[in-house]
Amino acid sequence: MDIIGRRAELDRIGRLASSPHEGALLVVGGVGLGKTKLLEAALEESHIKAVMVRINPADAAWPLSGFFTFLASLSSPHAMDIGAGMALTSTEPAQMFAAARDILSLVQGLGLPPILLLLDDVHLMDQTSQILVGFMAGRLRGTGIRLVATSTGADPGGRFGGLPQLHLDPLSRPLALDFARAARPDSRQSGSLTIIVDQAERNPRAILEALGRVTAEQLDGLQPLSLPLVPGPTAHAHARTIEATLTPAQHRLLTRLSAAPMVDTAAATRGTIDDEDALQDLVFLGIAEIFGREVFIKKPLLRSHVYWSLTSQARRELHQTEADNSSGRDALWHRSFGTAEQSNPDDLLRAAVSLAHGGASRVAVEFADRALALTNDQPSSLRRVAQLARVLFESGELDLASRYVMCGLHLTTSASISLELTVLRLIIDFMSDQRVPDIELEAWDALYATDFPEETAEMLALAAICRGLRWELEPARCLLARAEAMMPPDGGTRRIFNLATRLLSATTGQVGSAIELDDSGEFSDSEDAASRPIVDLLIDARSCTLREDYAEASRLCSIILNRRPQAEPVWADTARYLLADNDLRSGELTTARLSISEWKSRWLPGLRPAFHSHLEAWLAYTEDRLNDADAIVSAELARNRYGRSPALSARLHALRGEIALIEGDVEKSTRMLLMADLIDHDTSNPSLVRHIPDLVEAHGLANRWAEARAVFESFTRRVRDNPSRWARIALLQAKPSAIEDDAGAITSCDEALDSIPAGSSMLQVARIHASKATRLLRLDRALDATESFRAALDAFDIAGARSWARKMEEALSALASLPTLVKLKPALVELGVDERAVAELVLKGYRNKEIAAELFVSVRTVEARLTHIYRSVGASSRSQLVSLMS
């Protein structure tokens, strides 16, 4: 069974089921969080006999009914005999304890095979049964029972205290979105799903109930949502539990707060002591939260229940009352529920933009959708929609921004608004999952290029940048050529064109471009970097990374991150990503690990671009969590999210191939690296994917020498055409792996180490030392191999390559466990096992008679073996043999 977001919990139940010992587990979670689905999945996946029992709440009125259900689930006729013979004369603690102890003894005597017993909603059992089952759950040894029970409370009545507990929390936002997509695969974009999962508090059942009440047009963002969402049974169940704890004053204030997404604190309390006390109580209870000078209900399910529980007339009167007693944004919101003359969609959208600027995107969405429900498609309103989409994008809410882009494109008839939204969609689609909306670009080019040549040229140049970042160089050049043909000689379009030209030149491995570099290595046509547009700095930073000017790339990213006023969140996140990837490509893995950790600590909830998982995998790799790294890469490739981006697909396959190489799985490594190689061959730059040294090594380790040589020779030709610092050292690194003769490979390693210039990547230096050590070991030169492994370990430590360093430590540990003779002299390795044993004892100072006694052979046999040893190693005496071994 495919159960989204609960794999860790399911695995814990699986471990209990497969344990050799009996045990119990209490799964605790609120209504709708998936407790029943979890048990159903455990039932399906169990490797032992499993039985699931759903407690009938109607039986709670009958004492012991739940316990008899428990006994019946054991699937043993004798179990029911235990129940039939049970006579509980009192519910006093002592009597209950004695009865439970006797029953437990009888169950232990049944000799049941291992069984997984799944009790759903154990809190619905009658109280007597809860006491008996709770007592037995903590004392299951010898019964064969593995018990898993679910409950909405952490400890129903205190009867299951002491049991291990597994708490089900709401799904994370990404997992909730995955869950919603699986439930409504007809949804074509995630903006509306994001709103729904947030309104449903990421509760799986509440999400399903909400999805069942929205139309396909609402899901696609073409029609507004009615917010707060109309509640379903799950929302009502949650809310009633909370309502039961509130005072009348608190509930009255809660009702007023439910009528708006956010309310001015002074307007909410109206200056009365009772309302101020009620507000503080709601905040203390975690029901409300104060945001600056305003307050809102933190629990969307509670708000929807309270608001929609009012009659239509009561809601209308509430809005009118609040409109009369408030001002500003509050009054604007409440008046929108009055007459058409009172409503102003443009003002609502202006308020939405302001709220999004202030970080209140959830509230901004409600104002925007309310406006869209009232709008008459005025150009001013639609321009506000475009403005809102841009602000949401800059704040990192890509899904929400995409939703309003689609809505605006659907409603507008204005060419200028359409162009603005199309450009924004291009950027959002690329940053979300590296897609380029070709159909929309071609349509705009065909329809509006004549009337809007400069705007169309800028859009095509931006598309060329996106294609270049995907390493699709030929389509990028075509787009640039079309842009150049229609753009004016100067202006903003020329700036974007120059950025694209520099990026493509760096991607193809050519430093020179239409804009040359000055002597300092910085772009000579650029003004002071601190005053340049952020997008320009980001693209030039990427260009610098690709042309291996890592210091300049780091400088440009640092300018963005330290700029005042601060860069918008989406651009700051992009700068941190580029900085981390720059450190990775430089080979400075320790610095990269810190950069990735810094980026991850500031990760925005609404920003989930495709390349985030790429950095997550690299972080796991640099921390020597290879299983985690491989799982991340595997999951992303399985989702096919990277099928649209050759660049990310190639780098993910290359990373997975290197991980397999570290783990010694040569065949898997070769498969992954060949997949990367297929993509790499579409580019002219041999330094993009950086997988060739690994592929040559994998072929060599598998004794596929012809393939290793062919890959190396092809790589050599490509480096000759597009040289770079990394590629030149990579040639030195790969060459020994393509040489079949071990002695020749060792010589090649020595030549490479002598040729590497100072300041080169220690990661590449370490790999050459490791390659040399491996070849030395194959020649049984264990002492020399030890020295090379140590040199590789030191270099890997400096580079921060923890996984490779661990591999070197394992190799050194294995060498340390070898007999002394094997480690010291290659000539002695040629001796037979019996001669080695004698030589070892000679080295320890044993005389012939002592050696004979130690090995249980005659003295004559020892002398014969010594004679053979002398001839084999060229020694003429015992002292010379000891000298050779010392």
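## Cysteines

The structure contains zero disulfides. This is a predicted model. A disulfide is a covalent bond between the sulfur atoms of two cysteines. C478 takes part in no such bond. Its nearest cysteine sulfur belongs to C466 and sits 16 Å away. The cut-off for a disulfide is 2.5 Å.

Where do two of the cysteines stand on burial? C407 has a relative accessibility of 4%, so C407 counts as buried. C478 has 41%, so C478 counts as partly exposed. The cut-off for buried is under 20%, and exposed means over 50%.

## The chain as a whole

The chain has 886 residues, and 54% of them are buried. Its secondary structure amounts to 47 helices and eight strands. The C-alpha trace spans about 115 × 100 × 45 Å along its principal axes.

Consider contacts between residues at least 6 apart in sequence. Of these, 68% join residues at least 24 apart.

## Surface and charge

About 37,800 Å² of the chain is exposed. Carbon and sulfur atoms supply 52% of that area.

The chain carries 96 positive and 116 negative charges. The mean positions of the two sets are 4 Å apart.

## Helix α37

Helix α37 covers residues 725-734 and is mostly covered. Seven of its 10 residues are buried. They are W726, A727, I729, A730, L731, Q733 and A734.

What do the buried residues of α37 pack against? Their partners are three helices: α35 (692-701), α36 (705-721) and α39 (762-778).

## A buried glutamate

E658 lies in helix α33, which runs over residues 646-662. E658 is buried, yet it has no salt bridge. The nearest side chain of opposite charge is that of R767, 4.1 Å away. A salt bridge needs a side-chain nitrogen of Lys or Arg within 4 Å of a carboxyl oxygen, so the pair E658 and R767 does not count as one.

Which residues touch E658, leaving aside neighbours within four places in sequence? The contacts are Y621, L673, D694, R767 and W804. R767 is thus in contact with E658 but forms no salt bridge with E658.

Technical notes:
Residues are numbered from 1 along each chain as its sequence is written. This is a predicted model: local features need pLDDT of at least 70, side-chain atom pairs count only at pLDDT 80 or more; totals for chains, interfaces and linings use all residues. Side-chain values use heavy atoms; hydrogens and water are left out. Buried means under 20% relative accessible area, exposed over 50%, partly exposed in between (1.4 Å probe, protein chains only). Helices (H or I, at least four residues) and strands (E, at least two) are DSSP runs, numbered from the N terminus. Contact means heavy atoms within 4.5 Å. Accessible areas come from the Shrake-Rupley method with a 1.4 Å probe; for residues, only the protein chains shown count as cover. Lys and Arg count as positive and Asp and Glu as negative; His and the chain ends are not counted. The place of a charge is taken as NZ of Lys, CZ of Arg, CG of Asp or CD of Glu.
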